[in-house]
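Morning, everyone. Please pull up the structure, and we will walk through its interfaces one at a time.

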Amino acid sequence: MRNKRPAQSLNSRISAKRRLYDTSLKALIYISAGITLLLLIGLIGYIFYRGLPHVSWEFLTTQRKVLEDKIGIFPNILFTLYTIVTALVIALPIGIGAAIYLNEYAKQKGLVRFIEFSTETLTGIPSIIYGLVGMLFFCQKLGLKSSILAGSLTLVIMILPSIIRTTQESLKTTPQSYRDGAAALGATKWYAIRTIVLPCTIDGIVSGGILAVGRIVGESAALLFTAGAGYVLVTNYIKALSVSGGTLSVMLYVYVMENGQFDVGFAIASILMILVLIINISAKVAKKRLKRLG
Amino acid sequence: MKKVISIALAAVMCLVLFAGCASNTNTAASPSTAPSVAPTEETLSGTVSTNGSTSMEKVIAALSEAFMAKYPDVVVTYDATGSGAGITAATEGSADIGLASRDLKTEETGLDATVIAIDGIAIIVNKSNTVADLTLEQIASLAKGEVTNWKEVGGADAPVVFIGREAGSGTRDGFEAIVDVKDACKYEQELTSTGAVIAAVAANANAIGYASLSAVNDTVTAIKVNGVACTEATVLDGSYKIQRDFNMITKQGAELSSAAKAFMEFALSDEAASIIEKAGAIPPK
Amino acid sequence: MKARNITEKVMNLIFIICGMISIIAVVGISAYMIISGLPAIKEIGLTKFLLGQVWKSTASEPQFGILPFILSSITATFGAVLIGVPIGLLMSVFLSKIAGPKVASTVRPAVELLAGIPSVVYGLVGMIVLVPFVMEVFKVKSGSTLFTAMIVLAVMILPSIVSVSENALNAVPKKFEEASLALGATKIETIFKVSIPAARSGITAGIVLGIGRAIGEAMAVMMVAGNVANMPKLFGSVRLLTTAISSEMSYASGLQKQALFSIGLVLFVFIMIINVILNTLLKGGSRNEK
């Protein structure tokens, strides 16, 4: 009975100085939490409040027509999809392959550590620098001009380090005993990787991929200078690769800064937020589902 | 469950790609069924990439939409990067047609400039500003930062916020050349497009800036310069002094695609004239 | 058996190729940056470039001093961190130690949502809401200032700091905290004198992540900071290293273009330095615990 002292009476047994410390810090914590929560609700609420009224079915499924004074972002939704697909189709195999090489095949530890350091550094480089290099290398030197392909290639270089990193981390969590067991049973290296190691790491790969998708959706600086800000509908995927096309984030910037159409900007912002929500939820769902299977 | 997810994802991707390929085969089929010898309007296809001046946005958007309505297989794209960027793009071949809202400088060699419209540079102030008329000298002193309060030019007692464009802008080039303040401007902000300047002036009661007449809307007031209002008529007859050409820049000697050539011819044609007027600029005489 | 051997060799080769491509891409960027960035520095002169106070890249007598950009970037990042880190850290304490599980599980997805929002959205809200607000409240000529940029950057890095710090705090072994409470410390004292120091390396990682994001932000800053190449004034228009590149990138040519690459190189070096500091801090921190 004597051990069950409630917290309040404990406070009365400490010095005034400690009580002051206690209350003031508690106050600061609640204030910070309050500020953050207000920001959360305020930002999300304001964007939806100003943007959702302008999101109509016509907005989502037609193209912008200046002559008729109509706004539509369907081409840009398509361009965002094309960019994501192209970038992932190139980056995922190379990234996963590189991670497998680094973790399973590479013999020299120095090389592995060097690559790990470089990938670590590259994940921190600002996207504007990727835009600069991409513009110079892909658009001008390789002659791709402002195109979805140039933008996707720039994105590949941007997301490659993080895909390699997340796949590597995932590979490292697979117990070495699995591999040893497979080898003991006579399985060759690739066979063991294909049947045992990869299934275990699939959840890491998927979350790395979804992370990359999130990064691509939010990317504006690099894409503005490599993929342009076109808004003309091109449904043919192959043709679209060579056309200047603006993704949603890029168009937000362009519509707001170049045309001063804030309503359109908020509408695109609302759509982007819903997209990010979907991406976050699918990341969690995928991780849970795949972990259970893996 | 994993299989279902991956099949679903694959199905979505295939849908997207096949939708694209399907439309391609449709449009590829039609020219072959049309019995003709000479290239008809339907066979013109390809992409025309234009790049450059932000002031020309409305004009190019209108022209390209009309052009694409005429030739459904052509895609005309426009990147609003600024006149300087447009000229660079034309030089380096990263765009078919560069767009510049100024004339070429002497050091910009190897390029051809085709005037497709004339545009006025409106001097804009916030709607609440009482100043309605300024002389070129007053505008110059405002731009150079010599006059810092509106009351010195007949307005309220408030600081002057002069908003300008980035260094590569054709609008800035035209403004600074005609008002004679080259390399001497003290801007409060340097924005990268005509639209941004208009938005900034509309948002700040003490702001003054310059923007293409074709882009000016009713969120700001365009003041008179030396007593002359900025309208299409005064630009055309030259009484509004601050004006410049809208140019399509192409590389000398570079072979333009037939679609790009057709687009340039279209921009200079008579049917384009009304479109250019509708967009707020003046077709060349 | 032979077929399997061939498959093995082929896959081995494929993986090596993937590794090589990645190495080339990864090293290529750094090499390209350095090679493109050096010529301008050589031509302009290192001290004149880094310490020159005037940037007039398109004047008839161009000057390429980037000190205004360097100082503006440092000030903006420092300000953002000063505002964002305390609030973020205390919020993570709230989520990790004080809030009930129901509250925490509702708030956490919202924080993650905010962490994933594109920076242009922050720039948009900053431009529409914050810029007029700053102009009104602080009675400045124009609300597009260094101060506005600081606040926008602080809000941008807040979610990352909250997430990472919360993870770090959650990972502190319960027995540390129980021991502290058993010795008579209050909950708050335990948090600040035991848990936070124990989670130090994770929290530092979160802060460095935030710094990296703040110093590398271009689009959002372009929308709220006014973009004039001034020396930094708290309520004046500024241009950072990143916005200096993005403002002139599309039309630069010749020496001006090379100068922009040099700015990129300076940015690159800054971030490398921050990464090195991170690594030493983390290693130093964990060594202390041993």
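Let me begin with a term. A polar contact is a pair of N or O atoms within 3.5 Å. Within protein, one atom must be able to donate a hydrogen and the other to accept it, and residues adjacent in sequence count only if both atoms are side-chain atoms. Keep in mind that this is a predicted model.

Now, chain A and chain C. How many residue pairs are in polar contact between them? The count is 10, with both residues at pLDDT 80 or more. Which helix gives chain A's side its largest share? That is helix 2 of chain A, residues 16-51, with 20 residues. Sort that side of chain A by class, and you get 57 nonpolar, 17 polar and eight charged residues.

Next, the extent of this interface. On chain A, 82 residues are in contact with chain C, and on chain C, 73 residues are in contact with chain A. Together the two chains bury about 6900 Å². Carbon and sulfur atoms give 82% of that area. Three residues to find on your screen are A:I29, A:L132 and A:W190. They supply 9% of the area that chain A buries against chain C, more than any other three residues.

There is charge here too. The rule finds two salt bridges across the interface of chain A and chain C. In a salt bridge, the side chain of A:R18 meets the side chain of C:E189, at 2.8 Å from N to O.

Move to chain B and chain C. Here 19 residues of chain B are in contact with 19 residues of chain C. The buried area is about 1600 Å², and carbon and sulfur atoms give 50% of it. Which residues of chain B lose the most area to chain C? They are B:D183, B:E188 and B:E190, which together make up 31% of what that side buries.

What about salt bridges between chain B and chain C? The rule finds three. One salt bridge joins the side chains of B:E92 and C:K257, at 3.4 Å from N to O. Polar contacts number nine residue pairs, both at pLDDT 80 or more. Two elements of chain B give two or more residues to this side: helix 3 (83-92) and strand 7 (189-191). Helix 3 of chain B gives the most, with four residues. By class, this side of chain B has seven nonpolar, seven polar and five charged residues.

Now look inside chain B. The domain assignment gives domain 1 as 47-118 + 244-278, and domain 2 as 120-243. Their C-alpha centres lie 26 Å apart. In the contact, domain 1 of chain B takes part with 13 residues and domain 2 of chain B with 16. The two domains of chain B bury about 1100 Å² between them, with 45% on carbon and sulfur atoms. B:T54, B:I118 and B:R244 supply 48% of the area that domain 1 of chain B buries against domain 2, more than any other three residues.

There is one salt bridge between these two domains. Its partners are B:K105 and B:D173, at 3.7 Å from N to O. Nine residue pairs are in polar contact there, both at pLDDT 80 or more.

Stay in chain B for helix 6, residues 194-203. Why is helix 6 of chain B largely enclosed by the rest of the structure? Because eight of its 10 residues are buried. Among them are B:V197 and B:I198.

Last stop, chain C. Its domain assignment gives domain 1 (2-51) and domain 2 (66-289). Their C-alpha centres are 29 Å apart. In domain 1 of chain C, 15 residues are in contact with 13 residues of domain 2. The area buried between them is about 1200 Å², and carbon and sulfur atoms give 81% of it. C:M33, C:F49 and C:L50 lose the most area on the domain 1 side, together 43% of what that side buries.

How many salt bridges cross between these domains of chain C? Zero. Two residue pairs are in polar contact, both at pLDDT 80 or more. Helix 1 (2-44) and helix 2 (46-51) of chain C each give two or more residues to the domain 1 side. Helix 1 of chain C gives the most, with 12 residues. By class, that side has 11 nonpolar, three polar and one charged residues.

That is the tour. Thanks for listening.

Key: Residues numbered from 1 in each chain as written. Chains lettered and ligands numbered in written order. Predicted model: local features only at pLDDT ≥ 70, side-chain atom pairs only at ≥ 80, totals over all residues. Heavy atoms only, no water. Contact = heavy atoms within 4.5 Å. Buried area = accessible area lost by both parts, 1.4 Å probe. Salt bridge = Lys/Arg side-chain N within 4 Å of Asp/Glu carboxyl O. Nonpolar A, V, L, I, M, F, W, Y, C, P; charged D, E, K, R; others polar. Domains from an automatic or database assignment. Buried < 20%, exposed > 50% of the residue type's maximum accessible area, 1.4 Å probe, protein only.
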